[in-house]
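Good morning, and thank you for making time for this item. Please have the sequence and the coordinates open while I speak.

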Amino acid sequence: MSLGRIVFSRSPRSERGLLSGWNRNLVNDLSCNGRRQPTTRVMSRCYKLHTCSTSKSVVSPLLRSNICGTPSSYQSAAPSLRSFSEGPSSSEEDDWGAEYEALTAQRNKNIIMNPAGQGKNILPGGYVLKKDPKKGGYRKVILEHSLGYFWAIKELATTNKKPILSNNAVIPAAEAEKFPFLGDLVNLKGEAASIPDFFTRNNRSKDASAKCTLVAISYKDFGAQLLPSWIDPFDMAFRKGVNNEADRYEVVRIIINEGRMVKLLSPFITSGTKKNVPESDHANTLLYYGIDAEEFRDILRMHNIYSGYIFLVDGIGRVRWAGSGEGTEEEIHSMIGIAKDLTKRLQKQLPQSQNPRIGKRVQ
């Protein structure tokens, strides 16, 4: 086969396919003098296509650079491809470093990561640092490429289904951070909502101690099945028992569905969720249908989507306690105690005058 009769497409997808072996037979046919040679000989001799007699043919710059080792415009425009050989440039490292610092600053600092899990090593954007055995340095690698696509399932076993650990005490008000924003939510009654505004919608006084909300978040059915271990004791202690202040306590379920096809499947997901949630809680069960909620997930350190997550939010939308997995007796007792502390009203006392006014006695 003569190379002069071959026209390569400039489509990145077709080029990657050619280089990764989809059309390996075509590479075997490449030659300068019309002679068929094995791929190994072509690569070992660094086949210089651009200096051959057929160099006037339209040859992909990306293919030429990967076979001959010469730079191309595609390499400068695609750092993801260049990083495998040359590594990212200093400008790209600076850009990613600035983005990393900004995303890290958004993370909730009061959430305790389980030391036995992988969440403590995950960087914003779904990356981890991996040591380069050749150069000795570290480079950022996509999470699934480094830990495998089943890392989250393995982590459930190593952490007892608790990617984040429960706080031992209430998060101080001075250190508490606002619950992150997430829009495009809809409850089981079809009403639109957004958080954290949904948590504070009935708190007209804007008093932090006026209300306490238990927020239960799940991504998968397995995680949703862990949440009743927290919700049921909370309901019995504050909402279903003999309590004159039940309106100060609320449970909000958030079910996050990510993907490009979830919008089309939303009627079936909503119908199935209604069967599993009591009708009295339909107004407080929020569903998210979107392509990606990665930033929201990263702020609350919910890297493992197979577990369930619990948060206590005060009257002005601040996270005051966090937990995950299946609640133990000790954790539930601590959570209920913290919820009571968050709703203690300050008893206002009238100041007593040091010099009381003495009037004339009426006879």
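I shall go through the sheet, the helices that pack on it, one surface patch, and then the salt bridges. Please bear in mind throughout that this is a predicted model.

Let me begin with the sheet. It is open, has 8 strands and mixed pairing, and its order is β5-β12-β11-β8-β9-β10-β6-β7. The edge positions are taken by β5, residues 177-178, and β7, residues 192-195. Each of these two has a single partner strand, so one of its sides has no neighbour in the sheet. At the β7 edge, the partner is β6, residues 182-187; the two strands run antiparallel and are joined by 3 bridges. Within that pairing, leucine 185 is placed opposite alanine 193 of β7.

Two helices deserve mention here. Helix α11, residues 228-239, packs on the sheet and touches β8 (212-218), β9 (249-258), β11 (308-313) and β12 (318-324). The direction of α11 makes an angle of about 155 degrees with that of β9. Helix α12, residues 262-276, also packs on the sheet, where it touches β9 and β10, the latter covering 285-290. Between the directions of α12 and β10 the angle is about 160 degrees.

I turn to the surface. Which residues make the nonpolar surface patch of about 470 Å²? They are Met261, Leu264, Leu265 and Phe268. Leucine 265 belongs to helix α12. Its relative accessibility is 43%, so leucine 265 is classed as partly exposed.

Next, the charged pairs. How many salt bridges does the structure hold? There are 10. I have chosen three of them for discussion.

In one of these, glutamate 331 is paired with lysine 162, and the closest N and O atoms are 2.9 Å apart. Glutamate 331 sits in helix α14, residues 329-342, whereas lysine 162 is in the loop between α9 (151-158) and β4 (164-165). The pair therefore ties together parts that are 169 residues apart in sequence. Both glutamate 331 and lysine 162 are buried.

Another salt bridge is formed by arginine 201 and glutamate 250, with 2.6 Å between the closest N and O atoms. This pair links distant parts of the chain, 49 residues apart: arginine 201 is in the loop between β7 and β8, and glutamate 250 is in strand β9. Are the two partners buried or partly exposed? Arginine 201 is partly exposed, at a relative accessible area of 36%, while glutamate 250 is buried, at 6%.

Strand β9 also supplies arginine 253, which forms a salt bridge with aspartate 281. Here the closest N and O atoms are 3.1 Å apart. Aspartate 281 lies in the loop between α12 and β10, and the two residues are 28 apart in the chain. Both count as buried: aspartate 281 has 6% relative accessibility, and arginine 253 has 16%. I should add that Arg201, Lys211 and Glu250 are joined into one network by salt bridges that share partners.

Finally, let us stay with the loop between α12 and β10, where histidine 282 is also found. Histidine 282 is buried, with a relative accessible area of 11%. What is in contact with histidine 282, once its neighbours within four places in sequence are left aside? The contacts are Asn187, Leu188, Lys189, Lys274 and Val277.

Thank you; I am happy to take questions.

Technical notes. Residues are numbered from 1 along each chain as its sequence is written. This is a predicted model: local features need pLDDT of at least 70, side-chain atom pairs count only at pLDDT 80 or more; totals for chains, interfaces and linings use all residues. Side-chain values use heavy atoms; hydrogens and water are left out. Two strands pair if DSSP finds at least two bridges between them. Helices (H or I, at least four residues) and strands (E, at least two) are DSSP runs, numbered from the N terminus. Contact means heavy atoms within 4.5 Å. Axes are lines fitted to C-alpha atoms, for helices over the stretch in contact, and angles run from 0 to 180 degrees between N-to-C directions. Patches are made of residues with over 30% relative accessible area and no salt bridge: like charges are joined within 9 Å, nonpolar side chains (Val, Leu, Ile, Met, Phe, Trp, Tyr) within 5 Å. Accessible areas come from the Shrake-Rupley method with a 1.4 Å probe; for residues, only the protein chains shown count as cover. A salt bridge is a side-chain nitrogen of Lys or Arg within 4 Å of a carboxyl oxygen of Asp or Glu. Buried means under 20% relative accessible area, exposed over 50%, partly exposed in between (1.4 Å probe, protein chains only).
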